[in-house]
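The report below describes one protein chain through its helix packing, its buried core and a few individual residues. Please read it alongside the sequence and the structure.

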Amino acid sequence: MDALHEDEGAVKKDSISLAVATGVYGISFGALAIAAGLNTWQAMALSLLLFSGGSQFAVVGVLGAGGTGASAVATSTLLGVRNSIYGLQLNAILRPRGLRRVVAAQLTIDESAAMAVGRPTAKLSGIGFWWTGFGVYLLWNSMTFVGTIAGNAMGDPKKYGLDAAAVGAFLALLWPRLGTLQGKLTAGLAGVIALGLSPVTRAGLPVLATVVAAIAVGLWWSTRTDEVPTLPSDDATEEGAGA
């Protein structure tokens, strides 16, 4: 029982740490939203309702570059498709019902999915998902508001290292999964696909295309047969001994 409590505590601690690292970066989104021409309420609406960092930055990035609203929505939608993929897997793990299902859909992001998938029990998966999801949601929206107030006075948000904090936290979650040969092959192939497509495709497409890496490696791995030496049976041993 003590070990179980320690596991739950460790998951909660990791969830809070990731929520802080990710949520604080909301400051930069708020500042960039103001720089792109949005007001405080528009920026807050994106954080409260859309709540997907990559999609939100895509919106303000396209608008800030002079793109149309339709182009901004199309780009952000491409980036948001991955959340639907997460949702399929999380639904099988968490099995939410009623209002919890609606809330879970809103909190399904990269970080909450990463903290839920791969846990040894459904209970630990739930703890990782809900603590991370709610933590990021509260901090992201709070920091978005702070960022809109600060506005352009902050200058370039990257000089504060906030972008590196969020990416670093997510990589810390990914790194243990690369301990197996299958994980390394998947990551390597995904990196090649993303790097190859980034210069020639729209934002969001390289990320979606890396799904091919997981499928390809998964199919190959399922058909892979390692030669395992066959141990002699008891009967064979006895016959040999009798001879």
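In this predicted model, the axes of helix H10 (residues 181–197) and helix H12 (residues 211–223) come within 8 Å of each other and cross at roughly 145 degrees, where axes are lines fitted to C-alpha atoms, for helices over the stretch in contact, and angles run from 0 to 180 degrees between N-to-C directions. The crossing of H10 and H12 is right-handed; a crossing is left-handed if the near helix is turned anticlockwise from the far one by less than a right angle, and right-handed if clockwise. From H10, the residues Leu181, Gln182, Leu185, Thr186, Leu189, Ala190 and Ile193 meet Val212, Ala213, Ala214, Ala216, Val217, Gly218, Trp220 and Trp221 of H12, contact being heavy atoms within 4.5 Å. The residues of this contact divide into 12 nonpolar, 3 polar and no charged, with Ala, Val, Leu, Ile, Met, Phe, Trp, Tyr, Cys and Pro counted as nonpolar, Asp, Glu, Lys and Arg as charged, and the others, Gly among them, as polar.

Residues are numbered from 1 along each chain as its sequence is written. Because the model is predicted, local features need pLDDT of at least 70 and side-chain atom pairs count only at pLDDT 80 or more, while totals for chains, interfaces and linings use all residues, and side-chain values use heavy atoms, with hydrogens and water left out.

The chain holds 13 helices and 0 strands; helices (H or I, at least four residues) and strands (E, at least two) are DSSP runs, numbered from the N terminus. Of its 243 residues, 35% count as buried, a term that means under 20% relative accessible area, with exposed over 50% and partly exposed in between (1.4 Å probe, protein chains only). Among contacts in the chain with a separation of 6 or more, 75% join residues 24 or more positions apart.

The largest nonpolar core has 26 residues, and those with the most contacts inside it are Phe29, Phe51, Val60, Phe129 and Trp140; such a core is a set of buried Ala, Val, Leu, Ile, Met, Phe, Trp, Tyr and Cys residues joined through side-chain atoms within 4.5 Å. Its largest share, 5 residues, comes from H8. Apart from it lies another core, of 5 residues, among them Leu18, Met115, Leu124 and Ile127. Helix H2 is mostly covered, with 7 of its 10 residues buried, including Phe29, and H2 is followed by Gly37, whose phi is positive, near 105 degrees.

Four residues in or beside the helices illustrate both ends of the accessibility scale.

| Residue | Place | Relative accessibility |
|---|---|---|
| Leu49 | helix H3 | 65%, exposed |
| Phe51 | loop between H3 and H4 | 4%, buried |
| Ser52 | loop between H3 and H4 | 4%, buried |
| Arg95 | loop between H5 and H6 | 55%, exposed |

Phe51 has a positive phi of about 45 degrees although it is not a glycine, and Arg95 likewise has a positive phi, of about 50 degrees, without being a glycine. Most residues other than glycine have a negative phi. Leaving aside neighbours within four places in sequence, Phe51 is in contact with residues including Leu46, Leu107, Ile109, Tyr137 and Trp140, whereas Ser52, not counting residues up to four places away, touches Arg82 and Asn83. Leu49 and Gln106, 57 residues apart in sequence, are 8.0 Å apart in space, C-alpha to C-alpha.
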